[in-house]
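Please work through the exercises below with the sequence and the model at hand. Each task is followed by a solution in steps.

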Amino acid sequence: MICQKCAKGNANVHLTKIVNGEKTEYFLCEVCARAQGDFELSFDEEFPLHQFFSDILEIIPPGGTEKLPREASEGLQCTSCGLTYAQFMQIGRLGCDSCYRIFSPGLHSLIRRLHGNQKHIGKVPARAGSSLKLKKEVERMRSEMQKKIYEEDFEGAAKLRDEIRQLEDQVFTGGEGLEE
Amino acid sequence: MKNNERKQGRGKKVFKEKEGNPGLQGETEKELDHKGAGIIEDQKRAEMICTWMDGTGPEADIVINSRMQLARNIKGIPFPCLATEEQREKVFSLLEKIFKEQQERFSAYSLINLSGLSPIKRQVLTEKQLISLLMVREPEYSALLLSPDEVMGILVNEEDHLLLQALLPGLQLEKAWEAVSCHDDYLEEVIDYAFCEELGYLTACPTKVGTGLRASALLHLPALVITGQINRILSAVGQVGLAVEGIYGEGSQMTGRLFQISNQVTLGQTEEEIWRNLYGVINKLINQERAAREQLLNAGREKLADRAGRAYGILKHARLLGFQEAMQLISDVRLGVEMGMVDNIPLKTLNELLVLIRSGCLQNLKEKTLSHYERDLERSVQIQKCLP
């Protein structure tokens, strides 16, 4: 068959368009089909992300004994949203924030492969940031308290214990207050 | 044929002399018959224009726009793709409530409920780069909060619960970052984000986890294409962790010699490192493009002017223009304008055309679905109206 547009090339592209139920058919050569430019905003042209994932996932790091991300979390299911790891591998999207925790063995290895990194060093939510700081402070004071107990400085340890309680209350109310 | 085209090319001068004449659109006699329709059409055309098209900003002769997108999710609610209808609705009303409560910040903004729009109107928003294709397909309980100048947008229930977006003309990554970051701070005061210390902001797609930041710029690189250097350069760009796409992002076609460059890595770098890195690469591309333009100029100034003139002639006089062809011709004219060879066409007009000639905008102007043939016809009509 000869191209309907240029009447020269071989019509090896068969284009069927259905617009509002109205069907139009074209038989075009590759050049005309491309030039037609009718494929702008065509909905099925999105990047096949799952394929991208599986490509990345199948690469075994040279010399590594690390498990493939696909295997590391095989059979897992998120208890919060119900997404299975197999589904995630297909759609390339996670279901909720808990997925990150539940799928962590395979997912973290995938993230490391995607970003070459697995530690966030950017912006931190201001409020979460302050409670993070408090948490770290509590940790530090706890180890200091243990030290005082070991040194039999019980008075100092008790003082620290009260301070820790106070801080923990702050973290707690800070955290809860956000839920509202 | 050649002769004919040359004559058309010269036609430009005639129009230039007419510039001061209020009858700029004199050739569209039909419009006199439909004066009312014409006014409505002018209004509609104005609706399709936004700030990023105004042709200003640093490096506007190469960089068309800069975009910054910040993905955020609400703690404890499934991401939009897995959320139930009620959960999507919950996110939608939560944000609606926040926008209403934060009157002093958002009073001038408009909240657009996307499921309330016709598919064509949604397509127009995509073509203006304000929403994603995903939101055209799945508009239920998704919304766009848009600043009056259409620079700042907050998308609700896109791939993530929230996508904060700033879109500015020219190369203005820093300003765009400041805009999204400050809106992020406003929202963070009242929303508990899905965040973890180690991985940062948690997103539906693991390719965005960490900062959740996607920075990008749209570049016009005609001289690199014409001199055949583009593939080499773009593959080098790919090697430094950046992606190159067409004008409409992920998976869209390269057309009109326009290239969207964006970061891929979102974790393990600070936001500033991400956009500064992108900025550095874009500056290199700008220098390469300038060098290639110089090269073309040395090879023959008239050759370039001829290319622009011919393209202008076709745009001004053709009756049926396919999208790809029009984009290519606009790129030719644009190169002439950017190099100071064509002085009566503002960059603003050419930027607006990039959007106006797309199928959604054309159909919105005509308020009906257009066949392929009708679109080609209407595209040429619009181009002739807009070009001086």
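The exercises treat chain A first and chain B afterwards.

**Conventions**

This is a predicted model, in which local features need pLDDT of at least 70, side-chain atom pairs count only at pLDDT 80 or more, and totals for chains, interfaces and linings use all residues. Residues are numbered from 1 along each chain as its sequence is written, chains are lettered from A and ligands numbered from 1 in the order in which they are written, and side-chain values use heavy atoms, with hydrogens and water left out.

**Exercise 1. Determine how many helices and strands chain A has, and what share of chain A is buried.**

Step 1. Helices (DSSP runs of H or I, at least four residues) and strands (runs of E, at least two) are numbered from the N terminus. Chain A has 8 helices and 2 strands.

Step 2. Read from the N terminus, the order is β-β-α-α-α-α-α-α-α-α.

Step 3. Buried means under 20% relative accessible area, exposed over 50%, and partly exposed in between, with a 1.4 Å probe and protein chains only. Of the 180 residues in chain A, 34% are buried.

**Exercise 2. Establish how many disulfides the structure has, and explain the result for Cys81(A).**

Step 1. A disulfide is a covalent bond between the sulfur atoms of two cysteines. The criterion applied here is a pair of cysteine sulfur atoms within 2.5 Å.

Step 2. Over all chains, the search finds 0 disulfides.

Step 3. The cysteine sulfur closest to that of Cys81(A) belongs to Cys99(A) and lies 3.6 Å away, which is too far for a bond.

Step 4. Cys96(A) is likewise in no disulfide, its nearest cysteine sulfur being that of Cys81(A) at 3.7 Å. Cys96(A) counts as buried because its relative accessibility is 1%.

**Exercise 3. Give the strand order of the open sheet in chain B and identify its edge strands.**

Step 1. Two strands pair if DSSP finds at least two bridges between them. In chain B, 8 strands form an open sheet with antiparallel pairing, in the order β2-β3-β4-β5-β1-β8-β10-β9.

Step 2. The edges are β2 (110-113) and β9 (242-245) of chain B, each of which pairs on one side only.

Step 3. Within the sheet, β1 (residues 63-72) and β5 (residues 162-169) of chain B pair in the antiparallel sense over 8 bridges. Ser66(B) has Leu168(B) in β5(B) as its bridge partner.

Step 4. Helix α13 (residues 323-338) of chain B packs on the sheet and touches β1, β8 and β10 of chain B, its direction making about 80 degrees with that of β8(B). Such angles run from 0 to 180 degrees between N-to-C directions, and axes are lines fitted to C-alpha atoms, for helices over the stretch in contact.

**Exercise 4. Decide how many residues of helix α15 of chain B are buried, and how α15(B) is oriented against α16(B).**

Step 1. Helix α15 (residues 359-366) of chain B has 7 of its 8 residues buried. Among them are Cys361(B), Leu362(B) and Leu365(B).

Step 2. The axes of α15(B) and helix α16 (residues 372-386) of chain B come within 10 Å and cross at roughly 85 degrees. The two helices are therefore roughly perpendicular; this class covers 65 to 115 degrees, while under 35 is roughly parallel, over 145 roughly antiparallel and the rest oblique.

Step 3. Contact means heavy atoms within 4.5 Å. Ser359(B), Leu362(B), Gln363(B), Leu365(B) and Lys366(B) in α15(B) meet Arg375(B), Glu378(B), Arg379(B) and Gln382(B) in α16(B).

Step 4. After α15(B) comes Glu367(B), with a positive phi near 55 degrees.
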